[in-house]
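Some labels deserve a challenge before they are used. The turns below ask what stands behind each one.

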Amino acid sequence: MAQKKYLQAKLTQFLREDRIQLWKPPYTDENKEVGLALKDLAKKYSDRLECCENEVEKIIEEIRCKAIKRGTGNENYKTTGIATIEVFLPPRLRKDRKNLLETRLHITGRELRSKIAETFGFQENYIKIVINKKQLQLGKTLEEQGVTHNVKAMVLELKQSEEDVRKNFQVEEEEQNEAELKERRIQRTKRGLEILAERAEMVVDPETTPYLDIANQTGRSIRIPPSERKERQRKHEHKGQRERIPSRLQHGAGCGT
């Protein structure tokens, strides 16, 4: 396998350097069949590579057939507007990783994904398509995303569908927001208790000192009328005085004896 890839790369290089067009005569006849000149070309390159002539001829023929197929696709695209996309499948399908798919370019990314899934046996929501190093956007047409004839598309398989990933992310985000809200409420309640403890130890003027802010279960502040606020403050102070009376009485009784 590695040897074949090496030969393919070297032969492609030689063909480019020598400006050989295999899809044209004398290497391809009018019926698009292989010409006699290809055998001579195979002998020339096998001598340069010092390898089997038959193997070199076979690889050159494969390159010629692909070139003809590409040329036919170019002609077809010019006359019908149907583009050819070279689809590279995931590694587990390494045998047939490179495949050609014909499509029009006015369809959306979602339609192309669906077509690839149906053609090559994938679950539509468990693949994503990468073209020109960018993930294919489902809501835009191929033309809008710069997809052209003979472009290469890579298919990546996902362990989770993109919809599942979005749902899981939303659930985690909601749980985090709920936890943060709960923590803020706890801190607010704690601060309220601290304010109450501080005010129990000092004399305050209800006219000038803000009263403790009270909130309902949703966290919204409850407005207390000034008259009711004064009454609550008076009761709170009166309660404190009553709690101090027994200690005074006890002190007085001890002095009497």
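A disulfide is a pair of cysteine sulfur atoms within 2.5 Å. The model is predicted, and the cut-off is applied to its atoms.

Q: Why do Cys51 and Cys52 not count as a disulfide?
A: The closest cysteine sulfur to that of Cys51 is in Cys52, 7.1 Å away. A disulfide needs the sulfur atoms within 2.5 Å. The sulfur of Cys51 is therefore too far for a bond. Seen from Cys52, the closest cysteine sulfur is that of Cys51, again at 7.1 Å and too far for a bond. The structure holds zero disulfides.

Q: What makes Cys51 and Cys52 partly exposed?
A: Partly exposed lies between under 20% (buried) and over 50% (exposed) relative accessible area. Cys51 has 22% relative accessibility, so it counts as partly exposed. Cys52 has a relative accessible area of 42%, so it is partly exposed.

Q: How do you know that the length of helix H1 agrees with its number of residues?
A: H1 covers residues 2-17, which is 16 residues. At 1.5 Å a residue, the helix should span 22 Å. The end C-alpha atoms are 23 Å apart, which agrees.

Q: Which residues of H1 are buried, and what puts them on the same side?
A: The buried residues are Leu7, Leu11, Phe14 and Leu15. They cover an arc of only 95 degrees around the axis, so they sit on the same side of H1. These buried residues pack against helix H2 (37-49) and helix H3 (53-80). The face turned away from the buried side carries the exposed residues Ala2, Lys5 and Arg16. After H1 comes Arg19, with a positive phi near 55 degrees.

Q: Why is the contact between Asp47 and Lys43 called a salt bridge?
A: The rule asks for a side-chain nitrogen of Lys or Arg within 4 Å of a carboxyl oxygen of Asp or Glu. For Asp47 and Lys43 the N to O distance is 3.4 Å. The pair therefore qualifies as a salt bridge. Asp47 and Lys43 are four residues apart in helix H2, so about one helical turn separates them. Lys43 counts as partly exposed, at 43% relative accessibility.

Q: What makes Arg64 and Glu61 a salt bridge, and is Arg64 buried or exposed?
A: The closest N and O atoms of Arg64 and Glu61 are 2.8 Å apart. The cut-off is 4 Å, so the pair is a salt bridge. Both residues lie in helix H3, three residues apart, about one turn of the helix. Arg64 has 3% relative accessibility. Buried means under 20%, so Arg64 counts as buried. Glu61, with a relative accessible area of 23%, is partly exposed.

Q: How do you know that Glu124 and Arg113 form a salt bridge, and which parts does the pair tie together?
A: Their side chains meet at 3.6 Å, N to O. That is within 4 Å, so the pair is a salt bridge. Glu124 lies in the loop between helix H4 (109-120) and strand E3 (127-131), and Arg113 lies in helix H4, so the pair ties together parts eleven residues apart in sequence. Arg113 has a relative accessible area of 4% and is buried. Glu124 counts as partly exposed at 28% relative accessibility.

Q: How many salt bridges does the rule give, and which residues are linked in a network?
A: The count comes to nine salt bridges. Asp18, Lys44 and Arg48 are linked in a network of them.

Conventions. Residues are numbered from 1 along each chain as its sequence is written. This is a predicted model: local features need pLDDT of at least 70, side-chain atom pairs count only at pLDDT 80 or more; totals for chains, interfaces and linings use all residues. Side-chain values use heavy atoms; hydrogens and water are left out. Buried means under 20% relative accessible area, exposed over 50%, partly exposed in between (1.4 Å probe, protein chains only). Helices (H or I, at least four residues) and strands (E, at least two) are DSSP runs, numbered from the N terminus. The expected span of a helix is 1.5 Å times one less than its number of residues. The arc is that of the directions from the helix axis to the C-beta atoms. Contact means heavy atoms within 4.5 Å.
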